[in-house]
Amino acid sequence: LYVSFGLYMTGKKAWVEPFSGILGGLGRWSSDAFTGATPLKIAAEGGAVCYTKMLIGNISGCMGETSAILIILGGLYIIYKKVASYEIVFSGIISMLLFQSMFWYFKISNAVDPLTALLSGGFLLGIFFMATDPVSASSVKEGKWIYGTLIGVLTALIRTFSSWPEGIMFAILLANMFAPITDYAIREYKKSKKGA
């Protein structure tokens with residue numbers, strides 16, 4: 001939907017203010033939606049964002065974009081339970097922060113600071129809960145590091161150089177294409193090394 005109907009998904013429709021209060025939209029029979037610039041888009045356009053609000057989730061945004069603390073806690077829990085691969089998560093976060101820092105340091109247009117890039121957008125949700133899917137992710141330990149690094153690098157590249165403010169979903173899809181090839185190449189390399 002995001003690719004096919006980008007204009008409608010990112011800015012053409014009229015935005016509706018979200019309900020406030022304890023129950024929010026759960027207490028009313030109406031739309032609980034807000035359409036407008038998300039913190040990632042605001043930062044990319046040179047605006048100021050509040051890190052505290054992004055951490056606790058007191059911002060408007062898409063699912064997975066509103067409370068970084070809760071996403072991190074949930075992500076650490078699934079890593080602790082060995083449901084998610086820490087190699088994918090850590091390599092993805094480190095590589096995204098590294099590349100985003102380079103782009104921001106060299107003042108490349110649309111590059112946001114690394115902390116904003118980490119806390120805003122769907123990166124944390126994507127790297128913890130989507131990229132670690134055991135079916136489509138790399139299954140070899142070395143491949144997991146490569147797979148996570150590829151996702152982090154591609155996310156920073158897509159966010160900075162494309163017309164889309166978000167990049168994690170495209171990065172995961174592209175990395176998924178290379179996961180089986182990476183696993184195969186690593187297994188073959190290990191076989192050849194054992195044979196030698």
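Reader: In this predicted model, is E188 buried, partly exposed or exposed?
Author: The relative accessibility of E188 is 31%. Buried residues fall under 20% and exposed ones over 50%, so E188 counts as partly exposed.

Reader: Which residue meets the side chain of E188 in a salt bridge?
Author: The N to O distance in this salt bridge is 3.5 Å. E188 and its partner are three residues apart in helix α9, and therefore separated by about one helical turn. The partner has a relative accessible area of 55%, which makes this residue exposed. The residue that meets E188 is K191.

Reader: How are α8 and α9 oriented to each other?
Author: The axes of helix α8 (residues 141-161) and helix α9 (residues 168-195) come within 8 Å and cross at roughly 150°. Angles over 145 degrees count as roughly antiparallel. The orientation of α8 and α9 is therefore roughly antiparallel.

Reader: Which residue of helix α9 forms a pair with E142 of helix α8?
Author: E142 is partly exposed, with a relative accessible area of 36%, and its partner also counts as partly exposed, at 38%. The closest N and O atoms of their salt bridge are 3.1 Å apart. The pair ties together parts that are 48 residues apart in sequence, and the residue in helix α9 is K190.

Reader: Where does E87, the salt-bridge partner of K141, lie?
Author: The closest N and O atoms of K141 and E87 are 4.0 Å apart. K141 is partly exposed at 47% relative accessible area, whereas E87 is buried at 7%. The pair links distant parts of the chain, 54 residues apart, with K141 in helix α8 and E87 in helix α5.

Key
Residues numbered from 1 in each chain as written. Predicted model: local features only at pLDDT ≥ 70, side-chain atom pairs only at ≥ 80, totals over all residues. Heavy atoms only, no water. Axes fitted to C-alpha atoms, helices over the stretch in contact; angles between N-to-C directions. Helix = DSSP H or I, 4+ residues; strand = E, 2+ residues; numbered from the N terminus. Parallel < 35°, antiparallel > 145°, perpendicular 65-115°, else oblique. Buried < 20%, exposed > 50% of the residue type's maximum accessible area, 1.4 Å probe, protein only.
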